[in-house]
Amino acid sequence: MKPSKAIKEYISNNIADPWVGTDWEGYRGLDPKQKGQVGEMYVEEMMKNRGYKVKPAATSTAGHDRVIGRTLVEIKFSVAQSAPDKKSIKDNVFMINHVGEQKDWTRLIFVGINSSTDDVIKFMTKSDFKKCRDIYFKPQQGGKKSGNDDWICCGKKLQELLKSKYMRDISKW
């Protein structure tokens with residue numbers, strides 16, 4: 001059976017890229033692993049430009065993404081989300097997902113890319129993550145009973161976290 005006209009229209013209406021005409025055009029079409037790679041490359045270039053020595057993790061399963069100086073760094077990267085019309089962007093609406101407390105990292109860098117306002121670039125220590133995890137994050141998969149070490153923060157809670165004492169501006173690295 002071929003998809004109906006309604007299904008084709010639904011697909012067509014939901015593949016819009018609100019980033020067309022910007023430096024981030026096409027990013028939405030990447031798969032999650034590719035998006036992660038883009039974020040890691042972005043942070044690596046940014047930190048090298050700031051004078052830091054940056055190396056990739058020794059393996060893809062190391063529990064961190066980069067080593068900046070001697071610091072094991074987990075990188076979380078998010079472009080601002082689409083508005084419900086799928087044609088515009090809701091600046092400062094981001095997501096931090098798949099944060100693992102048991103992974104081998106000491107600092108987490110978050111980059112939030114906006115379309116018309118300044119980007120958000122902040123970091124937190126693992127110690128601060130442990131202190132604020134139950135305030136701002138939720139278990140990502142399986143709920144609290146699953147025992148899964150996979151945490152997510154989005155929406156209003158992320159806005160609060162970004163303004164909290166737990167997140168520092170990247171200039172204070």
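This is a short walk through the structure shown above, stopping at two helices, a group of aromatic rings and a few single residues. Please keep in mind that the model is predicted.

Let us begin with a pair of helices. Find helix H3, which covers residues 126–136, and helix H4, which covers residues 155–163. Their axes lie 10 Å apart, and the two helices pack at an angle of about 150 degrees. Angles over 145 degrees count as roughly antiparallel, and H3 and H4 are therefore roughly antiparallel to each other. The crossing of H3 with H4 is right-handed. Which residues of H3 and H4 make the contact? From H3 come Cys132, Ile135 and Tyr136, and from H4 come Lys157, Glu160 and Leu161. Sorted by class, this contact between H3 and H4 has 4 nonpolar residues, 2 charged ones and no polar ones.

Now turn to the aromatic rings. How many aromatic pairs does the structure hold? There are 10 of them. A pair of aromatic rings is described by two things, the distance of the centres and the angle of the planes. Try this on Trp24 and Tyr27: their ring centres are 6.0 Å apart and their planes stand at 90 degrees. Planes over 60 degrees apart count as edge-to-face, so the pair of Trp24 and Tyr27 is edge-to-face. Tyr27 has a relative accessible area of 7%, and since a residue under 20% counts as buried, Tyr27 is buried.

Trp24 also pairs with Phe77, and here the ring centres are 5.5 Å apart with the planes at 50 degrees, so this pair is tilted. The pair of Trp24 and Phe77 links distant parts of the chain, with the two positions 53 residues apart. Trp24 sits in the loop between helix H1 (5–13) and helix H2 (32–49), while Phe77 belongs to strand S3, residues 71–79. Are Trp24 and Phe77 buried or exposed? Both are buried. To complete the picture, Trp24, Tyr27, Tyr42 and Phe77 form one aromatic cluster.

Our next stop is strand S6, made of residues 95–99, where you will find Val99. Val99 has a relative accessible area of 0%, so this residue is buried. What does Val99 touch, if residues up to four places away in sequence are not counted? The list is Lys76, Trp105, Leu108, Phe129, Phe137, Asp149, Asp150 and Trp151. For a sense of distance, look from Val99 to Thr125: they are 26 residues apart along the chain, and their C-alpha atoms are separated by 12 Å.

Strand S6 also contains His98. The phi angle of His98 is positive, at about 60 degrees, although His98 is not a glycine. With 32% relative accessibility, His98 counts as partly exposed. Asn92, in the loop between strand S5 (89–90) and S6, also has a positive phi, near 65 degrees, and is a residue other than glycine. The relative accessible area of Asn92 is 29%, so Asn92 is partly exposed.

On to Glu101, which lies in the loop between S6 and strand S7 (107–113). Is Glu101 buried or exposed? At 12% relative accessibility, Glu101 counts as buried. Leaving aside neighbours within four places in sequence, Glu101 is in contact with Lys126, Phe129, Lys130, Arg133, Asp149 and Trp151.

We finish with two residues that make a nice contrast. Cys153 is found in strand S10, residues 151–154, and is buried, with a relative accessible area of 1%. Beyond its neighbours within four places in sequence, Cys153 is in contact with Met95, Ile96, Tyr136, Phe137, Leu158 and Leu161. Tyr136 and Leu161 may look familiar, for they also take part in the contact of H3 with H4. Cys153 and Met47 are 106 residues apart along the chain, and their C-alpha atoms are separated by 24 Å. Pro32, by comparison, is found in helix H2. The relative accessible area of Pro32 is 70%, so Pro32 is exposed. Between Pro32 and Asn148 there are 20 Å in space, C-alpha to C-alpha, and they are 116 residues apart in sequence.

Note on methods. Residues are numbered from 1 along each chain as its sequence is written. This is a predicted model: local features need pLDDT of at least 70, side-chain atom pairs count only at pLDDT 80 or more; totals for chains, interfaces and linings use all residues. Side-chain values use heavy atoms; hydrogens and water are left out. Axes are lines fitted to C-alpha atoms, for helices over the stretch in contact, and angles run from 0 to 180 degrees between N-to-C directions. Helices (H or I, at least four residues) and strands (E, at least two) are DSSP runs, numbered from the N terminus. Angles under 35 degrees count as roughly parallel, over 145 as roughly antiparallel, 65 to 115 as roughly perpendicular and the rest as oblique. A crossing is left-handed if the near helix is turned anticlockwise from the far one by less than a right angle, and right-handed if clockwise. Contact means heavy atoms within 4.5 Å. Ala, Val, Leu, Ile, Met, Phe, Trp, Tyr, Cys and Pro count as nonpolar, Asp, Glu, Lys and Arg as charged, and the others, Gly among them, as polar. Rings of Phe, Tyr and Trp (its six-membered ring) pair if their centres lie within 6.5 Å; planes under 30 degrees apart count as stacked, over 60 as edge-to-face and the rest as tilted. Buried means under 20% relative accessible area, exposed over 50%, partly exposed in between (1.4 Å probe, protein chains only).
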